[in-house]
Amino acid sequence: MNNKANHSVAFQNDKKQAKGEEESKEHGDVSPEMLIKHPLQNTWTLWFFKIENNRTWEDCQMEIASFNTVEDFWALYNHIESASHLKLGCDYSMFKQGIKPMWEDEHNCRGGRWLINLNKQQRATELDNFWLEVLLLMIGEAFAEHSDEVCGAVVNVRSKGDKIGVWTADVKKGESILKIGD
């Protein structure tokens with residue numbers, strides 16, 4: 001390579017390094033991974049419930065994993081059993097980090113829930129689609145300014161029929177509750 005070409009390569013490398021330093025300053029101390037991934041507004045936690053006779057109801061709730069990017073959501077979702085294949089009596093819950101999927105949690109105790117009831121025939125055809133739609137609405141903050149009122153959602157797989165519930169924080173915030181339900 002001649003000398004002129006070497007200077008050109010060196011100049012391009014300097015520009016790339018300066019650009020990288022500018023982006024780093026612009027984004028603060030954000031990890032390089034987070035510059036590539038698509039961050040969510042909240043960190044969400046997936047829970048699994050399976051009743052066991054020798055354990056309390058609360059002890060049967062198992063925290064599986066938390067995520068805060070779109071890519072990490074899909075990595076988790078694509079590696080768990082679909083809701084329609086859970087054993088009877090089992091639940092999945094997806095709640096904002098720090099909120100347990102129980103009414104006794106301080107974030108849930110003044111709230112309520114919207115329910116989707118499905119008969120057992122709908123398990124094979126509609127349960128997974130409804131559950132995924134609810135998850136995407138939640139993590140995508142699709143409830144706009146009312147999204148802060150959403151605590152999480154639960155899917156219950158039961159012999160008589162399945163339920164999907166969207167849990168809200170405060171029943172007194174009627175406008176928000178109705179917008180979430182819509």
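The second largest pocket is lined by 13 residues. Nearest its centre lie W57, W103, V154, N156 and W167. Its space comes to about 170 Å³. This is a predicted model. Besides this pocket, the briefing covers the largest pocket, the salt bridges and a nonpolar surface patch.

**Second largest pocket**

- Three strands, β3 (91-96), β5 (150-156) and β6, each supply at least two residues of the lining of this pocket.
- By class, the lining of the second largest pocket holds six nonpolar, three polar and four charged residues.

**Largest pocket**

- The largest pocket holds about 240 Å³ of space.
- Its lining counts 13 residues, and I116, V134, L137, V166 and I180 are the closest to its centre.
- Two strands, β4 (113-119) and β6 (161-168), each give at least two residues to this lining.
- Two helices, α4 (127-139) and α5 (174-181), also supply at least two each.
- Helix α4 gives the most to the lining of the largest pocket, with four residues.
- The lining of the largest pocket splits into ten nonpolar residues, one polar and two charged.
- Strand β6 supplies at least two residues to the lining of the largest pocket, and at least two to that of the second largest.

**Salt bridges**

- The structure holds six salt bridges, including the three pairs described below.

*K37 and D72*

- The side chains of K37 and D72 meet in a salt bridge, with an N to O distance of 2.7 Å.
- K37 sits in the loop between α2 and β1 (39-49), and D72 in helix α3 (residues 70-77), so this pair ties together parts 35 residues apart in sequence.
- K37 has a relative accessible area of 19%, so it counts as buried, the cut-off being under 20%.
- D72 is partly exposed, at 24% relative accessibility.

*R123 and D162*

- R123 forms a salt bridge with D162, and the closest N and O atoms are 2.7 Å apart.
- This pair links distant parts of the chain, with R123 in the loop between β4 and α4 and D162 in strand β6.
- The two residues are 39 apart in sequence.
- R123 is buried, with a relative accessible area of 16%.
- D162 is buried too, at 1% relative accessibility.

*R55 and E52*

- R55 forms a salt bridge with E52, and their closest N and O atoms lie 3.6 Å apart.
- That pair counts as a salt bridge because the cut-off is within 4 Å.
- R55 is partly exposed, at 32% relative accessibility.
- E52 is also partly exposed, with a relative accessible area of 28%.

**Nonpolar surface patch**

- V30, L35 and I36 make a nonpolar surface patch of about 290 Å².
- V30 lies in the loop between α1 (3-26) and α2 (32-36).
- V30 has 38% relative accessibility, so it counts as partly exposed.
- Patch residues need over 30% relative accessible area, and V30 stands at 38%.

Terms used:
Residues numbered from 1 in each chain as written. Predicted model: local features only at pLDDT ≥ 70, side-chain atom pairs only at ≥ 80, totals over all residues. Heavy atoms only, no water. Patch = residues over 30% accessible without salt bridge, like charges linked within 9 Å, V, L, I, M, F, W, Y side chains within 5 Å. Areas by Shrake-Rupley, 256 points an atom, 1.4 Å probe, with all protein chains shown as cover. Buried < 20%, exposed > 50% of the residue type's maximum accessible area, 1.4 Å probe, protein only. 1 Å grid on protein atoms, 1.4 Å probe; cavity = no way out; pocket = protein on both sides within 12 Å on 5 of 7 lines; lining within 4 Å. Points joined across faces, edges and corners; volume = space filled by probe spheres on them. Nonpolar A, V, L, I, M, F, W, Y, C, P; charged D, E, K, R; others polar.
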